[in-house]
Amino acid sequence: MNLLSLRRLNLLIGSVLVGLLVACALIGQFFTPYKPIDVDLFARYAAPSAQHWFGTDEFGRDVFSRIVAGAGVSMTVSICSVLFALLAGTVIGTVSGFFGGWLDRIVMVFIDALMAFPGLLLALGIMVVLGPSKWGVVLALGLAYTPSVTRIARGGALTLRQRDFVVASQTMGNSSMWTLCRHVLPNSMAPLLVFSTSLFGSALLAESALSFLGLGVPPPSPTWGGMLADSRTAIDHAIWLVIFPGASISLALLGINLFGDGVRDLLDPRMKGVSV
Amino acid sequence: MNDLTERVRVAHACAASPLLNVRDLSIGFPDAQGNAKPVVQQVSFQLNAGELLAVVGESGSGKTMIGRALLGLLPENARILSGSAAFDGSDLLASSSAQWLNTRGTGIGMVFQEPMVSLNPAFRVGDQLTEALIRRRAVPREQARVQAVAMLERVRVRDPKACMSRYPNEFSGGMRQRILLAAVMLLRPKLLIADEPTTALDCVVQKEVLDLMIALTREEGTALIFISHNLALVAAYTERVLVMRAGCVVESGDVLSVLSRPSHDYTLKLLEALPKRSVAARPAVPPAAPAADPVLEVRDLAIDYTVPGTWFRKRSFRVVHGTSFSIRAGETLAIVGESGSGKTSVTKAILGLVQPAHGEVLLRGRPFLGAGREALQAARRAIQIVFQDPYSSLDPRMRVGDLVREGLRLDKTLDAPQRATRVARALDDVGLADHAMRYIHQLSGGQRQRVAIARALASRPAVIIADEPVSALDVTVQKQILDMLVSLQAQYGFACLLISHDLGVVEQIAHRVAVMVRGHIVEEGTRDAVFDAPSHPYTRRLLQAVPELRGDRVDGFKVLTRAIPADRDPARKYFDPEKSAAHTHALVDAGSGSPFHRVALEAAPA
Amino acid sequence: MLSYILKRLAMSVPTVLIVAMLVFGMIRAIPGDPAALMLGDVHDPVLLQQMRHAFGLDQSIPEQFLLWVTHLLHGDWGMSVVRHQPVLDLIREAFPVTAQIVLCATFVACVIAIPAGLFAAWAQNRRTDLVIVFTTIVLVSIPSFWGGILLIWLFGVKLQWLPTFGFQSFSQVGWSSIRYFILPVIAIAMSEIAVVTRMMRASSIEVLRLEYIAHARAKGLSERRVLLRHTLPNAFGPALTVIGLVLGHLLAGGAVIETVFTLPGMGRLLVESIYARDYPVVQGCLLVIALIYVLINLTVDLLYPIFDPRLKL
Amino acid sequence: MNNRLPETSGPQRVAWRTWHAVFKAVAMLIALGCLPLAAARAESTVSTLAPVAAVSAAARAPAPALPEIRFAVGSDTPTSMPGNLARNSTTDTVLAHVVESLVALRADMSIAPMLADSWNISPDGKTYTFHLRKGVLFHNGAPLTSADVKWSFDYFMSPRAGFECRTAFNGRSVKVLAVGTPDPHTVVFKLDHPSALFLTHMADPRCPIAILSPSSVDSHGAWIKPIGTGPYEFTEWKPGQYVLLTPFAKYLPRAEPGSGLAGAKHAYANLRFVTIPDAAAQMSALMSGQIDGMKVDQNDLPPADSRWTVVTGVGADPAVMLMQTRDPLLSDVRIRRAIALAVDLPDVVNALSNGLAQYNPSLMPSANRLYSPVEATGYTSNLAQVRSLLAQAGYHGQTLTLETNRRYEHMYSLAVYMQALLSKAGINVDLQVVEWGKQVSDFRSGKFQLMSFGYTARIDPAMMYGDVLGNKADNPMVQWEDPAARELLRSISGTVDASVRQQAFQQLHQMMIADAPLLVMYDSPDLVVLSTRVHGFTSWPLRLARLFNVTKN
C-alpha cells in the first residue's frame with residue numbers, strides 16, 4: 001500500500017461519504033419511511049427495531065427519518081453560511097490587503113473586534129431579531145466565519161501585491177481595480193477554496209452546537225444538533241437517541257475532512273512533484 | 001599542530017589508493033509508473049587527499065545529486081541504481097545509518113548554497129559551532145568554544161567573541177557563509193563538498209569567501225569537491241574539472257588542458273556562452289547621433305524609505321542620494337552595484353511606484369510623475385520593465401498570447417486586428433511564434449523571459465528597463481537572451497536601462513556604465529573607459545573580483561584576473577560613501593581621455 | 001519589551017471598545033428586558049416602571065453606556081439584575097472553573113500532539129505517519145459535545161466510575177476534584193489534539209525541507225537531536241499561534257461542553273445571563289472575553305520570538 | 001541496498017526510543033499536569049456548594065442537640081425583607097418560616113387565623129377589626145402589641161421601603177384609609193370600599209403584611225434584618241451561599257393542626273437554605289448526601305433510589321394554550337371551539353406529565369376549596385363536530401403558528417403534541433420555537449396566534465380571572481374580552497361569602513368553556529425530592545417548601 005494509492009483512498013472514502021450526505025440532503029426526505037414530524041403517543045422511546053430502524057424519540061417520532069431529513073437542513077445551512085463568509089471575506093480581505101493604508105487598518109480593527117466577539121451572542125441576536133429561521137442561522141454563522149476568511153484573503157493579497165506580475169500590470173498602466181480583479185483575485189482563490197472545505201466542516205459542527213443550545217434551526221424541522229441536545233436527558237434509558245445523530249454528524253464531518261484533504265493535496269504544488 | 005602534520009603524512013602515505021573512488025554511480029527518481037528515471041548515469045571519478053576537483057554543469061545536470069549521494073542525504077524518493085563509492089577504505093553507499101553517522105561531519109563535510117537558511121535561525125551562532133564538536137568529538141564545552149572562536153578568526157569574522165552569542169539573522173549573506181564554513185571545518189573533515197557555496201553572493205564577497213575556502217582546505221589538507229555552474233569562476237580556483245551534462249560526464253581532466261583544448265563541443269558551447277567583450281560586436285557609441293536629446297532623463301533623484309520606529313513615529317533613511325543620468329534612443333546604460341546599493345529603487349521611482357524625496361524624471365523632456373493620471377498612464381506605456389525572476393513576473397493563470405496582448409489593452413490608437421498582428425509580431429520577434437496558446441508553467445525559464453520581453457516590446461516603448469534580466473538563467477540561455485535583446489534594440493531603437501550585478505553581462509551589451517554604491521554613483525562613463533581604466537577604488541575592486549575569460553574556439557580559452565592599470569592620480573581624494581558623513585560629492589572628469597568618463601571625488605564642504 | 005507591550009495594549013483599546021459597544025447595542029436590541037422578564041405574566045405597569053428605573057433601563061442607551069463605562073473605570077462592574085450579586089463576584093466564581101478545565105485540556109493536548117505531529121512529519125508518508133494522520137482526521141470529525149455525552153454514558157452511567165454531574169473545585173474537595181476534571185478534559189482535548197497535531201505536522205514538514213536541517217544532518221548529528229534541537233523550535237512557532245487561537249476560543253467559554261458536563265463556567269454564565277437579559281453580567285462576561293482574547297494574542301506574540309529570533313520586539 | 005534518507009531499519013529503532021522517552025514524560029506530566037494548574041487556582045472560592053468542611057465546622061461550634069435540614073435553592077435570596085421589590089421565590093420560602101401576618105393561607109387556600117385569633121367585618125364591609133393573640137413574643141423577646149401592627153403596615157406603605165404589593169393597599173385593589181389601635185390587642189383597618197381580596201392580599205406569601213418589631217430597622221429607618229414572630233429566627237445569611245434559620249425557643253404554636261402556612265408550626269431542626277444554581281449539581285449534592293431536599297420539575301425526575309423519595313402534590317400554576325381572539329382567523333368562536341374539540345386533552349395531559357397531573361379545564365386550581373365538578377367539566381374531543389365547525393367558519397387550511405420556547409420543557413412538550421395532533425385533525429399548525437425572553441415580550445404585547453404558556457399561581461380565583469379578563473386595547477396581556485364576564489367578576493369584588501363567590505366562579509367557568517378564549521390543560525404538579533432521613537414533609541399547591549413540622553433522624 002504505497003503512499004499514492006493511500007492518498008487516493010482518502011479521497012475515495014471522502015467523496016463516497018460526501019456523496020451520501022448530498023444524496024440524503026437532496027432527495028432524502030422523499031424516501032423516509034415516516035414523516036419526520038409524525039408524533040406517535042404509543043411508540044415513545046421505542047428501541048431500534050424492524051419498524052423503526054433507529055428507534056423513536058421522546059415524542060415517538062422515527063429517528064431514522066429525522067436524521068435523513070436533518071441532513072438536508074444541516075447541509076443547506078453549512079453550505080450557505082460558508083458561501084456567505086467566502087464571498088464577504090474575499091471581497092473585504094482582498095480589497096483591504098491590496099489597497100492597504102487607513103482602509104486596511106479600519107478593516108483590521110473591525111476584524112479583530114468580530115474575532116473577539118463570541119459567535120454565541122451574534123447567533124442569539126440575529127436569531128431573535130430576525131425571528132427563528134434557517135436563514136438566521138446562515139447569517140449568524142456566515143458573519144462568525146467572515147473574519148477568518150478575510151484574514152486569509154488579506155494575507156494572500158498582501159503577498160500577491162509584491163509579486164512582479166502584479167507590479168508589471170500596474171506599470172503597464174492598468175488601473176488598480178483591473179489589476180485586482182484580473183490578477184490578484186484568481187491567484188488567491190486556491191488557498192481560499194482549500195480553507196473553505198475545512199470551514200464547511202466547522203460550520204456543520206457549529207450548527208449542531210447552536211441547535212444544541214436551542215439557538216439553531218428551530219424545531220420541529222429536525223437538525224442533528226437539536227436531536228443530540230434532546231437526547232441528553234434520555235442517556236440512561238434510550239442511548240440510541242444519542243448514538244445515531246452523533247454518528248451521522250461525525251461521518252459527515254469525516255467525509256468532508258477527507259474530501260478537503262484530498263482536494264488540498266491536488267491543489268498543493270509540492271504534491272505535484274509526487275504526481276499523484 | 002603535530003596533529004596537522006601527522007594527518008598530511010597519512011594522506012600522502014595512502015596516495016597510492018585515492019581518498020575517494022567513485023565507480024559507475026547511477027541515481028534515479030521513480031516516475032508516475034514507478035520505474036526509475038535516471039538523473040545521474042555511470043559517473044566515475046577519483047579524488048586523492050588534499051586534491052581540489054570541480055564538478056561543473058548546468059541546472060538539471062545531476063551535479064548536486066552526486067554531492068548529496070556521497071553524504072547519504074539524497075531526497076526521500078531518490079534511488080541509488082548502481083555503482084559504488086569507496087571512501088577511506090569502506091563503501092559509502094552500503095553504510096548503515098550508524099556508519100553514516102560517523103562518516104558525516106568528521107569524514108565528509110558539506111557547505112550549501114542558500115546562506116539565508118543554512119544556519120538554524122533559532123540558535124546562537126556559538127551553539128551551532130560547538131554543537132558538533134561537543135557531541136561528535138566529545139570536546140569539553142569550554143575548549144570547544146575556544147576552538148570555535150579561533151576558527152572564526154581564521155575565517156576573518158569581525159569581533160568573533162560577540163558573534164558567538166548573536167543570532168544568524170543578524171549577519172549578512174557573506175558573513176553567514178563564512179560561519180558555515182567555520183562550522184564544517186571545525187570537525188576537520190577529510191573531504192569537503194561545496195555545492196555552489198557563493199552563487200547567491202555579490203561578486204566582491206564571493207571572491208573573499210572562495211579565497212578563504214581554498215586557503216582553509218589547503219592548510220587542513222582537506223580534499224574539495226567544488227560543485228558550480230560557472231566554469232570561469234571554477235577554473236580560477238581548482239586543479240581538475242569534471243564537466244557534466246544531463247547526468248553524464250562529458251569531459252574531465254586538469255583545468256588548463258580542458259580550457260585550452262576542450263575535446264567535447266558541449267564544453268566549447270559552455271565556454272563561448274560566458275559573456276565576454278568582443279570588441280568588434282558592440283561599437284562603443286550608439287549609432288544614433290550622440291548629440292540627440294535624451295529620451296529618458298533623471299535629474300538629482302533622491303529616495304527615502306520609512307521604517308516603523310518606536311511607538312507611532314516612523315524613522316526614514318535615505319536609500320538613493322541625488323542621482324542624475326540620461327539615456328538616448330538606441331543606447332543601453334547599465335547601472336552596476338551590489339545588492340542594497342539602491343539601483344532597483346531608482347527603477348521603482350522612474351515607474352512612479354515609489355514617491356521620490358526630491359528630483360524629477362523626464363520622458364522626452366517632459367516630467368510625468370506629478371502630472372496627473374493620463375500623463376502617468378501614457379508615460380507608463382512608453383516605459384516598460386522586464387523583471388529578474390521569470391517565474392514571478394508572469395501571471396500563472398493567463399496564456400502567453402493574453403499576457404502579451406494585455407500590454408496593448410489601453411492603447412487606443414490600435415483596433416482589434418492591429419493588436420492581434422502586433423502581438424503575433426512581438427511573439428515572432430522573440431522566437432515564440434507558435435506558443436500563443438500555451439500556459440507559462442509549460443515553458444522553460446528562458447522562454448518565459450522571452451514572453452516578458454515580448455510583452456514589453458508589444459507597446460513599442462521608448463524605454464525598456466531590464467532589472468537583472470538574465471541572472472536567474474543558465475549560462476547558455478543567458479547568451480541567447482542577451483543577443484536577442486541587442487538585435488531588438490537595433491531594430492526598434494528603444495533606450496535600455498540595464499540593472500545588473502554581473503559585470504560580464506554589462507561588459508557584453510552596455511554602451512555606458514554607472515557604478516552605484518550605497519545610493520551614490522561613484523563612477524560613470526563609456527563601457528571601454530570604465531572597464532579598461534577604472535579610477536574609483538570601488539570600481540577597481542569590483543573588476544578584480546571577477547576572473548575574466550579570454551580567447552576563442554581556435555586558440556583555446558584562458559581565465560585570468562583583469563589587468564588593472566595603476567591609478568593615474570593617487571593623490572585624488574575619492575568619495576567613499578561608507579565613511580563620508582557629508583554625503584555630498586562631485587562628479588569630476590576622470591582624466592582617462594574618454595569624454596564622458598567621470599568619477600566622484602570628495603566635494604569641498606559647502 | 002515594555003514599550004512593545006504598552007503599544008500593543010494601546011492598539012487593542014479600539015478593539016475592546018468596539019466589542020463593548022457592539023455588545024451593549026445588540027443585547028438591548030434583543031426583544032424583552034429584564035424587568036418584563038422578572039414580572040412574567042403579572043400585569044402591574046407601576047411596578048414595571050419602578051423596576052426599570054431601579055435597573056437604570058429608563059435612560060437612553062448612550063447614557064446607559066456612559067454610565068456603565070464610568071462605573072467600570074472606577075472598578076465597579078455593576079450588579080447582576082437577576083441575582084443581585086456584583087458581576088465581578090459571579091465572574092470570579094465562573095472563570096476559574098473554565099480556566100482549570102481548558103488549561104488542563106490544552107496542556108494534555110500539547111503534550112500529546114506536539115511529539116505526534118513532529119514524529120508524523122519526520123516519518124512522512126510511511127505507515128506511522130498515515131496512522132497518525134487518519135486518527136487526527138477521525139478525532140477532528142467527532143464533535144466534542146457528542147464525545148462528551150458518550151463519555152458520560154460510558155463512565156458515568158454504565159461504569160459509574162466518575163460523577164456525571166456537578167463540579168467541585170480543587171479548593172473545596174482537594175484532589176478528589178480530579179474526578180470532575182477527567183471527562184471534560186478528555187472531551188475538549190480530543191479535538192484540540194487533532195488540530196494541534198495537524199498544524200505541527202504541516203509546519204514540521206516545512207522546516208524539515210530547509211537546508212539547515214540537511215546541514216545539521218551533514219554534521220553527523222543523530223536523528224533524535226536533529227528533530228528535538230533543530231526541527232522542534234522552528235516548527236513550534238505556527239503551532240503556537242494555533243494553540244493561542246484554540247485557547248482564546250475555549251476560554252471564551254465552551255458553552256456547549258459546560259452544558260453537557262453541567263460545569264458552572266463562563267460559557268454557562270454567559271448563556272444563562274443572555275436568556276435572563278441580565279445586561280450587566282452579559283456586558284461583564286463579554287468584556288472579560290475580549291480582554292482574554294487580547295491578552296492571549298499578546299502572549300503568543302511575546303512568546304513567538306523565543307522560537308524565531310528574527311522577529312525582534 | 002538503498003540508502004535512502006535515513007536507513008529504513010534504523011529509524012524504527014530510533015523512533016521507538018524517541019516515543020518511549022516522550023511517553024514516559026507524558027504519563028508523568030498528565031498525572032501532575034492538571035494538579036499544579038488546579039492548585040494554582042486553589043484560592044478560587046467556587047461556592048456552588050457550601051464547603052463541606054465549613055458546614056460541619058459551623059454545625060459543630062454551637063453543638064445544639066437539633067439536627068440540621070439542608071434544602072437546596074436555585075438562587076440566593078437577594079433581600080431579607082419580606083415582599084421587597086428585589087424578592088424572588090427563595091425570599092418567600094425563607095421568610096415564610098420567619099415572619100407571620102395577622103392571617104395565613106391554608107392548604108386549600110382559604111384564610112385562617114394566625115396572629116389575629118379572630119376578626120369581624122362591619123356590615124358595609126369597610127371596617128376590619130382584628131383581635132390579636134395573647135402572649136405572642138417577637139424574636140427579640142418584646143411582646144406583640146397593636147402598635148407593632150400599625151408600625152409594620154405604615155412601614156410597608158412608605159415608598160422608601162420598596163414593598164412590591166404597595167399598590168394592592170393604596171388604591172389599585174383597595175385603599176386603606178386608616179389603621180386604628182383602640183387597645184394593645186385590637187387593630188382596626190378602615191377601607192374606602194368593601195373588598196373580598198383584602199385578607200387574601202394580606203396573607204399573600206409573595207408580599208405578606210408581615211408583623212415586624214420596629215427594631216427590624218435602624219435609627220434612620222434603613223432595613224437591618226427581619227425580627228418577626230415566626231417559629232424560626234433569621235440567624236445567619238452569607239449572600240450567594242446559604243441562609244441559616246434556628247428555632248425560636250419561646251414560639252407559641254397555634255392549637256389547630258398545620259395546613260398550608262396556617263395552624264400549628266413546630267421547629268424540630270435547624271434549617272439551612274443552600275444556594276446551588278445548577279439543577280444537576282443539586283442532584284449530585286443530594287446523591288452524595290450533602291443536601292436533604294430540592295425542588296425538581298417533571299422532565300428531569302431522578303431515577304428511583306432507596307436514598308431519596310419524590311413527594312408529589314397538586315400545583316396551582318395552570319398550563320394553558322392561549323388563542324389571540326383579535327387574530328382575524330381566531331376571532332371566530334367556531335374556529336376556537338373546533339381547536340378545543342380537535343384533541344383528546346386528557347390523553348395529552350397524561351402523556352405530558354407522565355401521569356403526575358390530571359386534566360383541569362378551569363383557571364381555578366383543583367386544590368382550591370371552591371373547586372367543584374362544574375369546574376372539572378372541559379372539552380371532549382369530537383372530530384365530526386370539529387369538521388362541521390370548520391366548514392361553517394369557512395376554514396380552508398390556513399396555517400396557524402403556535403409559539404413556544406425550550407426554556408420550560410413542559411411548555412415545549414405541550415406545543416409539540418398540540419401541533420402534531422391538531423394537524424392530524426385537519427387544522428394546520430406550524431410550531432415556532434423562540435427564546436423565552438422573546439416569548440414573554442410577545443405575550444405582554446399580544447403578538448401571537450397560538451401560544452403554549454403557563455401562568456404563575458394566584459392564591460384567589462378572582463385574581464386569576466382579573467388577570468385574564470379585560471380589554472385588549474388598553475392591556476394586551478389579557479386573553480378574554482367578554483363584557484358580561486367582567487361585569488359578573490366585578491359584582492363579587494366586594495362579597496366575602498364563599499357560596500356566593502363559588503356560584504359566580506362556576507358561571508364564569510361555563511362562560512369561558514363556551515367562548516374558549518384559551519384552553520386550560522392542567523396545573524403543573526409540585527414535585528420535591530427529599531432524602532429518606534427527613535420525615536413529615538407535605539406538599540401544597542403554592543410551591544413554597546415548608547420545613548416546619550419536619551423532623552430529621
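## Helices, strands and contacts in a predicted model

The cover over the buried residues of helix 15 of chain B includes helix 14 (400–406) and helix 16 (445–458) of chain B. This arrangement, like everything described below, belongs to a predicted model.

Helix 15 of chain B runs over residues 416–429, and its 14 residues should span 20 Å at 1.5 Å a residue, which agrees with the 20 Å that separates its end C-alpha atoms. The buried residues of this helix are Arg422(B), Val423(B), Ala426(B) and Leu427(B). Viewed down the axis of helix 15 of chain B, these buried residues fall within an arc of 130°, and they therefore line one face of the helix. An α-helix has 3.6 residues a turn, so that residues three or four places apart point the same way. On the other side of helix 15 of chain B, Pro417(B), Gln418(B), Thr421(B) and Asp428(B) are exposed. After the helix comes Gly431(B), whose phi is positive, near 75°.

A positive phi also occurs at two residues that are not glycines, Ala246(B) and Met109(D). Most residues other than glycine have a negative phi. The table sets out the two cases.

| Residue | Phi | Loop | C-beta neighbours and burial |
|---|---|---|---|
| Ala246(B) | about 50° | between strand 9 (240–245) and strand 10 (248–254) of chain B | 15 within 10 Å, partly exposed |
| Met109(D) | about 65° | between strand 2 (103–105) and strand 3 (111–113) of chain D | 25 inside 10 Å, buried |

Burial is assigned at 20 or more other C-beta atoms within 10 Å; Met109(D), with 25 such neighbours, therefore counts as buried, whereas Ala246(B), with 15, is partly exposed.

In chain D, strand 15 (residues 450–454) is mostly covered, since four of its five residues are buried. Strand 15 of chain D is joined by five bridges to strand 12 (residues 308–323) of chain D, and these two strands run antiparallel; Gly454(D), in strand 15, is the bridge partner of Ala319(D). With strand 13 (residues 400–404) of chain D, by contrast, strand 15 of chain D pairs in the parallel sense, over two bridges, and here Leu450(D) of strand 15 is the bridge partner of Leu402(D).

The domain assignment of chain D gives domain 1, made of 68–292 and 533–552, and domain 2, which covers 314–525. The C-alpha centres of domain 1 and domain 2 of chain D lie 33 Å apart, and the contact between them takes 16 residues from domain 1 of chain D and 18 residues from domain 2 of chain D. On the side of domain 1 of chain D that touches domain 2 of chain D, the residues divide into eight nonpolar, five polar and three charged.

Between chains, 35 residues of chain A are in contact with 36 residues of chain C. At least two residues of the side of chain A that touches chain C come from each of helix 1 (3–27), helix 3 (101–116), helix 4 (119–130), helix 7 (176–212) and helix 9 (240–267) of chain A. Among these, helix 9 of chain A gives the most to the side that touches chain C, with nine residues. By residue class, the side of chain A that touches chain C divides into 26 nonpolar, five polar and four charged residues.

Methods:
Residues numbered from 1 in each chain as written. Chains lettered and ligands numbered in written order. Predicted model: local features only at pLDDT ≥ 70, side-chain atom pairs only at ≥ 80, totals over all residues. Contact = placed C-beta atoms within 7 Å. Nonpolar A, V, L, I, M, F, W, Y, C, P; charged D, E, K, R; others polar. Domains from an automatic or database assignment. Buried ≥ 20, exposed ≤ 12 C-beta atoms within 10 Å, placed from the backbone. Pairing = 2+ DSSP bridges. Expected span 1.5 Å × (residues − 1). Arc of directions from axis to C-beta.
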